[in-house]
Amino acid sequence: MPRPLNNTETALTAANLLPLAQRYAGPFWAYDAAIIQQRIAQLGAFDVVRFAQKACSNIHILRLMRAAGVKVDSVSLGEIERAIAAGYQPGGEDIVFTADVFDQPTLTRIAELKVPVNAGSVDMLHQLGELSPGHAVWLRINPGFGHGHSQKTNTGGENSKHGIWHSDLPLALAAIQQHGLRLVGLHMHIGSGVDYGHLQQVCDAMVDQVVAFGQDLEAISAGGGLSIPYRFDEEAIDTQHYYGLWNDARERIAAHLGHPVKLEIEPGRFLVAESGVLVSQVRAVKEMGSRHFVLVDAGFSDLMRPSMYGSYHHISLLPVDGRALGDATVESVVAGPLCESGDVFTQLEGGKVETRALPVAQVGDYLVFHDTGAYGASMSSNYNSRPLIPEVLFENGAAREIRRAQTIQELLALELI
Ligand code: LLP
């Protein structure tokens, strides 16, 4: 939920952010550890909370997760190495690798480390089985339907590349038996930013899949996808209700199998989105026909979500001189520095530019993009040869840099060969 910058319930206040903004003289990410800890606590009823680290994979955030008993989902070799660097142990339950394909170096390392695999294709089972018989596996099922906040985040149904198609489960089982793989459980993640109206359908689908599969299981995973209120008028998810429906599915499965079954959940966004902001500086203000543009020093190379999905992030003005902001607003298009027309933070999915009523911004002021802790820094790129920007974590009353800025020399180094 967007929190005004004078809300002292979090560390992300004007008083805390302004000195950092002045010190960095460029955009940066800031996170509040306390918000992450609150979100973890809200999911305490699940047997395992597994953080989908793609949402925010900084090692210091992973350490914080680990200290709170949260396990981790990795989707690449880089993410596995991050988890290990944060203290997670490969080979047990700590890390699960979820993907639809293995690239060769990842497969080799996973076989060495014995990291359990959540397989999204039958080919993965054969490739893993040949190299690592007895390896622990989950099956990620595509139940034939999905939902997401955008078509791009819908991960179920026949237009999605994800998971093993539900009617192919016998093929998956044959691969498991052929290679003596150890089946841990079934997993379903049908999309990101799910519509809770469909939750019962998802839970029922899991029960049906387990029954149809006819194999013994230790665990089921509800995947991630829990949405958060990006706008003031959106409601926060009722985590008790969410748990209740999944727990009911788990109990039906346990009754069918005749023994208890572990229930995992695998959120990314829910745990970190609201903990983070992106702070940028206004570098130009200009009128273009009927439009009022406010241009900042952060672009979609930093925060990709508005350009990629038309995502809404609440924007606050943080005046550089501490002046009081009146009630007057101006309909503004907020855009970045990239040499690309789509580098606009106020746009709808499909690219239609819209405006936001903002207090009058002056060059030198800061604009704060709220709820950017998930899929913010982790989706950044070096487009336009812009270095990655720093990340700062507020924890126990202090701010600490958890990633320094990348330098231009570091960018060029890969090519200076
Ligand atoms: N598990 C699996 C297998 C996933 O593919 C994902 C997200 C998650 C868990 C976590 O989903 P979450 O709880 O964060 O919704 N970049 C997009 C989101 C893409 C999510 C991809 N997979 C965005 O910025 O909204």
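The following paragraphs describe the overall fold, the two domains, the ligand shell and the annotated residues of a predicted model.

The protein chain contains twelve helices and 18 strands. Along the principal axes, its C-alpha atoms fill a box of roughly 65 × 55 × 45 Å. For 417 residues, a compact globule would be expected to have a radius of gyration near 22 Å, and the value of 22 Å found for the protein chain agrees with this. Of the 417 residues, 46% are buried. Contacts that reach far along the sequence are also frequent: when the contacts between residues at least 6 apart in sequence are considered, 68% join residues at least 24 apart.

The domain assignment divides the protein chain into domain 1 (14-29 + 276-413) and domain 2 (44-266). The C-alpha centres of domain 1 and domain 2 lie 33 Å apart. To the contact between them, domain 1 gives 16 residues and domain 2 gives twelve residues. On the side of domain 1 that touches domain 2, at least two residues come from each of α11, β17 and β18 (398-403). This side of domain 1 is made up of eight nonpolar, four polar and four charged residues.

The ligand is surrounded by 21 residues, of which the closest are Ala 52, Ser 192, Gly 224, Gly 268 and Tyr 375. Sorted by class, the shell around the ligand holds seven nonpolar, ten polar and four charged residues. Both domains take part in this shell, since at least three residues are drawn from each of domain 1 (14-29 + 276-413) and domain 2 (44-266).

Lys 54 carries the UniProt annotation "modified residue: N6-(pyridoxal phosphate)lysine", taken from an unreviewed entry. In the model, Lys 54 is located in the loop between β2 (48-52) and α3 (59-67). With 19 other C-beta atoms within 10 Å, Lys 54 is partly exposed; the count required for a buried residue is 20 or more. Apart from residues up to four places away in sequence, Lys 54 touches Val 75, Glu 79, Gly 268 and Ser 378. One of these partners, Gly 268, is listed among the closest residues to the ligand.

The unreviewed UniProt entry also places a "binding site" feature at Gly 225, Glu 266, Pro 267, Gly 268, Arg 269 and Tyr 375. Gly 225 is found in the loop between β9 (219-221) and α9 (239-257). Gly 225 is buried, as 30 other C-beta atoms lie within 10 Å. Beyond its neighbours within four places in sequence, Gly 225 is in contact with His 189, Ile 190, Gly 191, Ser 192, Gly 193 and Val 194. Pro 267 occupies the loop between β10 (262-265) and α10 (269-272). Pro 267 likewise counts as buried, with 31 C-beta neighbours inside 10 Å. When its neighbours within four places in sequence are set aside, Pro 267 is in contact with Ala 52, Gly 224 and Leu 226. Two of these partners, Ala 52 and Gly 224, are listed among the closest residues to the ligand.

A further "binding site" listing in UniProt, again from an unreviewed entry, names Arg 269, Arg 305, Tyr 309, Glu 340 and Tyr 375. These residues span 107 residues in sequence, and the farthest two C-alpha atoms are 27.4 Å apart, so the listed positions do not all gather at one spot. Tyr 309 belongs to helix α11 (residues 305-309), and α11 also supplies at least two residues to the side of domain 1 that touches domain 2. Tyr 309 is buried, having 21 other C-beta atoms within 10 Å. Not counting residues up to four places away in sequence, Tyr 309 touches His 149, Ser 150, Lys 152 and Glu 349.

Tyr 375 appears in the listing with Arg 305 and in the listing with Gly 225. Tyr 375 is placed in the loop between β16 (366-369) and β17 (391-395). It counts as buried, with 24 C-beta neighbours inside 10 Å. Leaving out its neighbours within four places in sequence, Tyr 375 is in contact with Ala 55, Arg 269 and Arg 305. Tyr 375 is also listed among the closest residues to the ligand.

Technical notes:
Residues numbered from 1 in each chain as written. Predicted model: local features only at pLDDT ≥ 70, side-chain atom pairs only at ≥ 80, totals over all residues. UniProt positions renumbered as here; feature names shortened; annotations may be inferred. Helix = DSSP H or I, 4+ residues; strand = E, 2+ residues; numbered from the N terminus. Buried ≥ 20, exposed ≤ 12 C-beta atoms within 10 Å, placed from the backbone. Contact = placed C-beta atoms within 7 Å. Rg over C-alpha atoms; globule rule 2.2 N^0.38 Å. Near = placed C-beta within 6 Å. Nonpolar A, V, L, I, M, F, W, Y, C, P; charged D, E, K, R; others polar. Domains from an automatic or database assignment.
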